[in-house]
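Let's take a walk through this protein together, starting with the overall fold and then stopping at a handful of residues. Keep the sequence and the 3D view side by side as you read.

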Amino acid sequence: MPINSKYSDEKIEKILAEIAAVLKKHEANADLSLMIAGNIVTNILNSNVPKSQRKLIADKFSQALLSSIDD
């Protein structure tokens, strides 16, 4: 069953394009880009998610990431 998002594909694609442009501007390779993405996720969890739910949300996030990559 597809997951419906409350955010439009257009909004998501626009933000992704802007982030990709910043990474390209700084010539960030895959390792650096992944490190930055991980730091962003950690910062969002620590700043915006109640401490009691951080591990649960991080686990769900990691499961979603694993299910979205090609084998």
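Helices here are DSSP runs of H or I with at least four residues, strands are runs of E with at least two, and both are numbered from the N terminus. By that count, the protein has 3 helices and 0 strands. Reading from the N terminus, the order of elements is α-α-α. Please keep in mind that you are looking at a predicted model.

How does the overall shape come out? Along its principal axes, the C-alpha trace spans about 35 × 30 × 30 Å. The radius of gyration of the protein is 14 Å, whereas a compact globule of 71 residues would have one near 11 Å. Buried residues account for 6% of the 71 residues. The accessible surface amounts to about 6,800 Å², and carbon and sulfur atoms contribute 60% of that area. As for charge, there are 9 positive and 9 negative side chains, and the centres of these two sets lie 13 Å apart.

Now start with helix α1, which covers residues 9–25. Its 17 residues reach 24 Å from the first C-alpha to the last, close to the 24 Å expected at 1.5 Å a residue.

After α1 comes a residue worth a pause, Glu27. Which sign does phi of Glu27 have, positive or negative? Phi of Glu27 is positive, near 50°, and this residue is not a glycine. For background, most residues other than glycine have a negative phi. Glu27 sits in the loop between α1 and α2. Glu27 counts as exposed because its relative accessibility is 72%, and the cut-off for that label is over 50%.

Moving on, you enter helix α2, which runs over residues 30–48. Three residues in α2 make a nice comparison: Ala30, Ser33 and Ala37. Is Ser33 buried or exposed? Ser33 counts as buried because its relative accessibility is 18%, and buried means under 20%. What does Ser33 touch, once its neighbours within four places in sequence are set aside? The contacts of Ser33 are then with Leu23 and Ala28. Leu23 falls within the range of α1, residues 9–25, so you can follow this contact from helix α2 back to helix α1. Ala30, in the same helix, counts as exposed because its relative accessibility is 52%. Ala37 has a relative accessible area of 36%, which means that Ala37 is partly exposed.

Some C-alpha separations help to place these residues in space. Ala37 and Ala20 are 17 residues apart along the chain, and their C-alpha atoms are separated by 11 Å. For Ala30 and Leu65, the gap along the chain is 35 residues and the C-alpha separation is 16 Å.

Finally, follow the chain to helix α3, residues 51–68, and into the segment after it, where you will find Ile69. Ile69 is partly exposed because its relative accessible area is 45%. Measure your view from Ile69 to Leu45: these two are 24 residues apart in sequence, and 22 Å apart in space from C-alpha to C-alpha.

Terms used:
Residues are numbered from 1 along each chain as its sequence is written. This is a predicted model: local features need pLDDT of at least 70, side-chain atom pairs count only at pLDDT 80 or more; totals for chains, interfaces and linings use all residues. Side-chain values use heavy atoms; hydrogens and water are left out. The radius of gyration is taken over C-alpha atoms; the globule rule is 2.2 Å times the number of residues to the power 0.38. Buried means under 20% relative accessible area, exposed over 50%, partly exposed in between (1.4 Å probe, protein chains only). Accessible areas come from the Shrake-Rupley method with a 1.4 Å probe; for residues, only the protein chains shown count as cover. Lys and Arg count as positive and Asp and Glu as negative; His and the chain ends are not counted. The place of a charge is taken as NZ of Lys, CZ of Arg, CG of Asp or CD of Glu. Contact means heavy atoms within 4.5 Å. The expected span of a helix is 1.5 Å times one less than its number of residues.
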